[in-house]
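Welcome, and take a moment to look over the model before reading on. The tour below visits a few residues and then some empty spaces.

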Amino acid sequence: MIIGLTGTNAAGKTTIVDYLVSKSFASFSLSDIIREELTKRGIVISRENLIKVGNELREKFGSSVLADRIKSKINSKKVVIDSIRNPAEVESLRQLSNFFLLAIDAPVEMRFERAKKRGRLENVSALEEFIEMENREKSQVYTQQNISACMDLADFKIMNSGNQEELLKRIDQILEQIKKRVRPSWEEYFMKMAFLVSERSTCLRHHVGAIIVKNRHVLTTGYNGAASHTKDCLELGCLRDQLKIPSGERHEICRAVHAEQNAIIQAGLHGVATEGGTLYCTHSPCIICAKMIVNAGIKKVITCSDYPDNYNLVIDLFQEAGVEFEQIEAPEMTIKILP
């Protein structure tokens, strides 16, 4: 979930950012890109200089430059991005999955008093000057600030004319609405499937699930469990536990076929080509599974948990064989949309 904030001066954006940070959102601001530029040039950081240099950057590198640069810094699932002031920035940020724009406004007299109280007027002493300063941020020049145009593009709008408690209550309501509209990424989607598959596991130590995907189409699935038509550990108990064998050692003692192996075997059994596919697995593969993955022609492995085997050996093998390996965060395990 990525929430972008736009809106008028002293409308309450900082309060919203602080509140979302308290809810584990990572915070970014497009103004930080301009501040970095001002610091590099040795220029005093002020509202006027932020506006001036921001417009210069848009003129030189394109209207979406601030958003384009901030996107490379995002590495979290829950993000709030402040200081969106140009429609091209909105367009750029909408390329991100699950981006929602929130516009905040308040009566100008109220905003003037808030700004004055917080000492953010910078040589503006009267309401008329405050309004005049804001009008300069509504340029029709495509490379300059146009907050009004950004607000027109918002998914949600708030008129913050009440107290802070009312504002935060409205934010909570909007968050609930957004949660119903957030779609999982393809990686989250397939990894969530792998965890569902793992529920069929008959192993008493690790429930592991794997699916093989190609062109966003699920080819096969597999979970760790005893070979077909043989008794499993749910019935017999775990021999490895009885012999006190640590995880990741003496694979031949285990009755189970690993999830990755089962997914590959199912492909062979049903004549499904796995070459060029991606394997999603709840756990990183052991070295035996890794070798099978390579020979199955699978080109990418995505996982979110470690398996107690020689991890470096697996990674070295994948690198040598040209198999991409990625470890992501575990997806949320709840079904958000109910019938």
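## A first stop at Asn86

With a relative accessibility of 1%, Asn86 counts as buried, because buried means under 20% relative accessible area. Please keep in mind throughout that this is a predicted model.

Where along the chain should you look for Asn86? You will find Asn86 in the loop that runs between strand S3 (79-82) and helix H5 (87-93). A polar atom of the Asn86 side chain lies 2.8 Å from the backbone nitrogen of Ala88. Once neighbours within four places in sequence are set aside, the residues in contact with Asn86 are Arg58, Ser63, Tyr142, Thr143, Gln144 and Cys150.

## Two residues with positive phi

Next come two loop residues that are not glycine and yet have a positive phi: Ala10 and Asn98. The table sets them side by side.

| Residue | Phi | Loop | Relative accessible area |
|---|---|---|---|
| Ala10 | near 65 degrees | between strand S1 (2-7) and helix H1 (13-22) | 12% |
| Asn98 | near 60 degrees | between H5 and strand S4 (99-105) | 17% |

Are these two residues buried or exposed? Ala10 is buried at 12%, and Asn98 is buried at 17%.

## A helix residue for contrast

Glu113 sits in helix H6 (residues 108-117). Its relative accessible area is 42%, so Glu113 is partly exposed. Along the chain, Glu113 and Met133 are 20 residues apart, and their C-alpha atoms are separated by 15 Å.

## The cysteines

A disulfide is a covalent bond between the sulfur atoms of two cysteines. How many disulfides does a search of the whole structure find? The search finds 0.

Cys289 is a good place to see the reasoning. The closest cysteine sulfur to that of Cys289 belongs to Cys286, at 3.7 Å. Why is there no bond between them? The distance of 3.7 Å is too far, because a disulfide needs the two sulfur atoms within 2.5 Å. Cys289 itself is buried, at 0% relative accessibility. Cys203 is buried as well, with a relative accessible area of 15%, and Cys203 leads on to the next stop.

## Enclosed spaces

The structure holds 4 cavities of 30 Å³ or more. The largest cavity has a volume of about 250 Å³. Which residues lie nearest the centre of the largest cavity? They are Cys203, His206, Asn224, His258 and Tyr307, part of a lining of 23 residues. By kind, the lining of the largest cavity divides into 12 nonpolar, 8 polar and 3 charged residues.

## The largest pocket

Finally, turn to the largest pocket, which holds about 1300 Å³ of space. The pocket is lined by 42 residues, and closest to its centre are Val182, Pro184, Glu188, Glu332 and Lys336. Two or more residues of this lining come from each of helix H9 (164-181) and helix H10 (186-198). The largest share, 7 residues, is given by H10. What kinds of residue make up the lining of the largest pocket? It divides into 18 nonpolar, 7 polar and 17 charged residues.

How values were computed: Residues numbered from 1 in each chain as written. Predicted model: local features only at pLDDT ≥ 70, side-chain atom pairs only at ≥ 80, totals over all residues. Heavy atoms only, no water. Helix = DSSP H or I, 4+ residues; strand = E, 2+ residues; numbered from the N terminus. Buried < 20%, exposed > 50% of the residue type's maximum accessible area, 1.4 Å probe, protein only. Polar contact = N/O pair within 3.5 Å; in protein donor to acceptor, adjacent residues only side chain to side chain. Contact = heavy atoms within 4.5 Å. 1 Å grid on protein atoms, 1.4 Å probe; cavity = no way out; pocket = protein on both sides within 12 Å on 5 of 7 lines; lining within 4 Å. Points joined across faces, edges and corners; volume = space filled by probe spheres on them. Nonpolar A, V, L, I, M, F, W, Y, C, P; charged D, E, K, R; others polar.
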